[in-house]
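Biologist: Could you take a close look at one part of this model for me, and then walk me through what surrounds it?

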Amino acid sequence: MAHQPSRNLKKALLGGGAVIVLAGLNAPAALSFAEEKYHAYKISRPGYKAKYGSWEEVHVPGDHRLNAIHAALLRSGKVLLIAGSGNNQKFFDAGTFKTILWDPAANTFKAVNTPEDFFCAGHSQLPDGRLLVAGGTARYEVLDGEVKRAGGAMRVKNESPDKAVTLKKGTVFRSPRGVEYVSTQDVTVPKAKREFKVTYFTTGQMKPWETKVTAAEARVFVEAREEGPKGLTTQAAQYEILGLKGDDARNVYGIAQKLTTSKQDFQGIKSAYEFDPVAERYVPVAPMKEARWYPTLVTLQDGKVLAVSGLDDVGDVVPGDNEIYDPRTKKWTKGPFRYFPTYPALFLTQGGKLFYTGSNAGYGPADKGRVPGLWDLRRNVFQEIRGIADPDQLETSASLILPPVQEQKLMVLGGGGVGESALATPRTAVIDLKEQSPVFRAGPSLPQGTRYLSSVLLPDDTVFTSGGSRDYRGRGASDILKAQFYEPRSNSFRPAADPTVGRNYHSEALLLPDGRVATFGSDPLFADKDNTRIGTFEQRVEVFTPPYLQGDAARKRPVLGAGPSALDQNGRATFETKDAPRITKARLMRPSAVTHTTDVEQRSVELGLTRTADSITVEAPLDPTLVPPGWYMLFALDAEGRPSVARWVQVKPQVPQGS
């Protein structure tokens, strides 16, 4: 039954007397004001909250507000909010990079020293609870019509097999016609490869040694010293490097195919860091071989991390040179070669293959690397899976492994056309990887076409989705102030309370240890329906409290007491609790690391459960492809779906037999 406003409230909304009511008959603004007041009243009622949940804005002190581009939940329960330069070139030029650590339990904020521009980096949870952050921004884009100096990629060759050569930022390359170009970054060119070959005469006698030298190569972005058309060239040429002498001058040179004033894209960095949640600081580790901007980092079953795609150090999409990070050695090695557009959504599935849902965040041609499929890393074989509706609108879609992970069902929600397309789809689709021949099947439609939708797994096995926009980066005031719950069992949506803050590009949402959902960021192009006023980055933080934490539900939630901080070798852990008799299920929830609608970390694991009068014992599957090593939130739930506050427990890497 709907709640009705009291007689006094009606007077407050509509009145002060009949004069105001009559005056408002032809005043839409007054009517709108009344409707807003009534809506505020309605959503504040306990009955409404118990059914739909509620939203609350978090007060963020002015000096700790930031453009949240990335959000990751740490095993300390705190949220790492990374802006880097925050899509603000003035901050980039000034070297002003920002990270804030938010403690949602105490609602405190702390600034963290940020050594490099992690704007549009990738991130992944490591087995020991550290967060790997790799890539970021080396150079901001320059749009068509704004490029003043011709520029492009310079391939630097080194024919010396005896030594590598490092060229500092600002190195000058001179063309055959005397035009000079300057490098924008340091670059190191390895030694040339020397091969010795021995052959024999027909008599069996050995011929003299034959030596073959293959020049080494590295790339660097260069731009003309002078503005204007003088620096334009569309012909391949060899470039002299000024400042080199002797053998270096003969052995080291540049080659460029073309240097133009067309759009110059963002460029990535090779740097990688681990964020230590105890010391609360970034710790440098070995850099990647490839520079990456907009990469995806996905945890594998052995705790290593695969880095995929991104824009490289000259602004091109990395053609398929993927890398694997080993958290034990803190170094990178070569991974299987495969091309993906930037920020591809790749999920570890049972058996160790990665499933690519087709979701991505943009850069790359429309006809390459967009088809979903299963990727066997060991054999480097990719099995395409077609048949999803609106396959041309997977960019900026959301995707996730549905709960529990043992079901091996994945879902894709919404999305839009490639690039700055105005297309957006309400399509959702679900695929069951346990089927012999998996296919996408239509799910329930979203209320409208939606890009940038945030989708968060909840401990009660539902999916909470909110925000997004109909158009590219919220153009035309197209933010969607709607939220809903997806029920995997019934394959249906039900409404949730509406957020008050719009979220589109550069927005994030994640599950907190207390069972709430926090939302951050949004980077609209414009601030009005007519697209005449430039948009500003949304710095407000808004938190959703689900129905299972409203009113009496919050007071009746189970409480977990003393227990271990890690599962044992059998995947078990026992916790004291006076609520044991009414606990009916338990879930391990992997903490999020999310950016650009991409969160390949979150997963929900169904646990075995046994009870005594005053304790519960949970048991996780001993399958690292279902439960990759790392720290997880353990939730215990009662028959009404009310979760406990999470306990943090570690799933340790499995030790190979014989080691």
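Biologist: How do the residues of the lining of the largest pocket divide into nonpolar, polar and charged?

Modeller: Happy to help! First, this is a predicted model, where local features need pLDDT of at least 70, side-chain atom pairs count only at pLDDT 80 or more, and totals for chains, interfaces and linings use all residues. Residues are numbered from 1 along each chain as its sequence is written, and side-chain values use heavy atoms, with hydrogens and water left out.

Now your pocket. Its lining divides into 18 nonpolar, 13 polar and eight charged residues, where Ala, Val, Leu, Ile, Met, Phe, Trp, Tyr, Cys and Pro count as nonpolar, Asp, Glu, Lys and Arg as charged, and the others, Gly among them, as polar. The space in this largest pocket is about 1100 Å³. Among the 39 lining residues, Asn87, Glu141, Tyr472, Arg473 and Leu525 are the closest to its centre. On a 1 Å grid over the protein atoms alone, a pocket is an open set of points with protein on both sides within 12 Å along at least five of seven lines, a cavity is a set where a 1.4 Å probe fits but cannot get out, and lining residues have an atom within 4 Å of a point. Grid points are joined across faces, edges and corners, and a volume is the space filled by probe spheres set on the points.

As for cavities, the whole structure has eight of 30 Å³ or more. The largest cavity holds about 100 Å³ of space, and of its 14 lining residues Ser454, Ser455, Val594, Thr597 and Asp599 are the closest to the centre. Strand 30 (398–401), strand 34 (454–457) and strand 38 (507–511) each supply at least two residues of that lining; strands are DSSP runs of E, at least two residues, numbered from the N terminus. By class, the lining of the largest cavity has five nonpolar, seven polar and two charged residues.

Aromatic rings complete the tour. A search of the whole structure finds 31 aromatic pairs, meaning rings of Phe, Tyr and Trp (its six-membered ring) with centres within 6.5 Å; planes under 30 degrees apart count as stacked, over 60 as edge-to-face and the rest as tilted. Tyr48 and Tyr52 form a tilted pair, 4.7 Å centre to centre with 45° between the planes. Ring pairs also link Phe92, Phe119, Tyr140, Phe266, Trp293, Tyr294, Tyr343 and Tyr363 into a cluster.

Definitions and conventions:
Helix = DSSP H or I, 4+ residues; strand = E, 2+ residues; numbered from the N terminus.
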